[in-house]
Amino acid sequence: MHQTNFIVREPLLDPKQRVIGYELCWQQRDGQAIGDADLERLVAFVAEHVVDDEQGWLLRDKILFLEAVPAMLSLDALHALPPERTVLSLRVRDLANTDTRAAVQALRAGGVGIAIRGADLTLLGKNLAPFASYAEVRFTGADVAAQARTYAAAKQSALRMVGRPVSTWQDFDACAALGLDAFVGKLHLTPRPGNPAKGMNPAQTIILQLMQMVQNNEDVPKIEAVLKRDPALIYKLLRFINSAGFGAGRDIQSLRQAIAMLGYAPLYRWLVLLLATASSSGYSPVLMETAVVRARLCELLGLTALPRGEGEHLFVAGMFSLLDRLLGLPMAEVLDTIQLPTVVVSALLGREGKYGPYLALAEACELDSDLVASLAASLGISPHDVNKAHLSALAWAQNVAA
């Protein structure tokens with residue numbers, strides 16, 4: 001099915017707003033049923049692209065939730081996934097079968113997580129611990145907090161509850177306070193209410209100045225002088241250049257050395273990432289991670305059709321496409337403060353121009369949108385290549401140090 005359909009993702013948050021994992025599934029289009037064989041192919045495709053022979057698990061500390069059926073509990077591809085990072089989601093009625101229960105217990109003994117879909121209060125009152133590590137509870141109606149309170153009262157201490165859909169931060173706070181353990185919803189596109197300050201803070205003003213200087217190819221000593229105005233920026237740059245992911249191979253301790261080692265194009269990309277993370281308004285970890293994944297996905301989607309040098313523009317378009325939410329400003333106001341190429345501005349304001357369709361496609365992969373297929377087709381990108389780029393972007397985002 002990876003040849004004809006598209007992977008969509010939903011992040012899972014813990015009560016501290018951290019992204020603990022992702023739920024990956026095939027997009028359902030036009031009432032098309034997702035068959036058992038399709039689910040097996042998803043596991044195999046994911047294992048192929050997020051597990052590396054040398055580096056191992058590419059998603060670092062993230063857990064993957066994957067829909068499963070009893071027939072695939074002995075699937076060979078499961079052995080390629082790290083058990084402690086893998087959660088298979090089964091329907092409640094699947095556990096009625098004795099053989100399925102035995103297979104589930106064997107997987108649990110090996111460290112694989114099992115999530116039960118369709119759990120109700122009756123089930124939560126029983127001992128599900130031998131068969132499940134998670135129970136998914138679905139909220140209906142407007143009063144999510146009242147429903148969460150009922151579920152929390154029935155919860156077993158050994159069973160972690162995943163609530164869905166939790167689509168507002170108010171509901172998130174209520175559910176977290178009541179003891180739910182993980183949350184799925186649209187919070188990855190929702191600014192976190194809190195600091196009412198809008199616009200650029202002092203750190204972001206300096207970052208913008210540095211971006212302009214890099215774009216203008218200013219001399220290294222001038223860039224160094226501006227960096228020195230913010231000790232936190234110096235610390236972050238040296239930490240980044242000395243990180244295992246960058247692989248400098250030796251300890252870099254001076255700013256001038258760091259800038260020379262990094263180079264102007266990578267320095268600009270790092271500043272783009274930093275501009276968003278320095279937000280003090282709508283920042284939330286999941287919103288930030290979504291921006292990073294989107295930026296990298298935009299870049300990867302354009303690799304085959306666009307000249308290599310244009311990847312940076314696609315990356316900036318993806319990263320800045322959420323900057324309005326992070327800053328609490330309309331996009332037009334954000335762009336008044338940043339000098340960007342016209343084609344990037346067109347993509348950000350109307351998803352138009354050369355880069356607009358790539359940005360729209362990256363967004364559609366997050367939203368389980370029916371536009372994924374038509375956008376990919378218009379760009380001449382196969383479902384296989386979109387899916388491969390999607391998983392690659394997800395892995396890349398886990399290794400970004402900012």
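A cavity is a set of points, on a 1 Å grid over the protein atoms alone, where a 1.4 Å probe fits but cannot get out, and its lining residues have an atom within 4 Å of a point. A volume is the space filled by probe spheres set on the points, which are joined across faces, edges and corners. The model is predicted, so local features need pLDDT of at least 70 and side-chain atom pairs count only at pLDDT 80 or more, while totals for chains, interfaces and linings use all residues. Residues are numbered from 1 along each chain as its sequence is written, and side-chain values use heavy atoms, with hydrogens and water left out.

**Cavities**
- The structure holds three cavities of 30 Å³ or more, and the largest cavity encloses about 60 Å³.
- Residues lining the largest cavity include Leu12, Glu23, Phe65 and Glu136.
- The second largest cavity has a volume of about 50 Å³, and its lining includes Pro11, Phe183, His188 and Val286.

**Arginine 269**
- Arginine 269 counts as buried (under 20% relative accessible area, 1.4 Å probe, protein chains only), because its relative accessibility is 13%.
- The side chain of arginine 269 makes a polar contact with the side chain of glutamate 312 at 2.8 Å, a polar contact being a pair of N or O atoms within 3.5 Å in which, within protein, one must be able to donate a hydrogen and the other to accept it, and residues adjacent in sequence count only if both atoms are side-chain atoms.
- Beyond its neighbours within four places in sequence, arginine 269 has contacts (heavy atoms within 4.5 Å) with Arg296, Glu299, Glu312, Phe315 and Trp396.

Technical notes. Buried means under 20% relative accessible area, exposed over 50%, partly exposed in between (1.4 Å probe, protein chains only). On a 1 Å grid over the protein atoms alone, a cavity is a set of points where a 1.4 Å probe fits but cannot get out, and a pocket is an open set with protein on both sides within 12 Å along at least five of seven lines; lining residues have an atom within 4 Å of a point.
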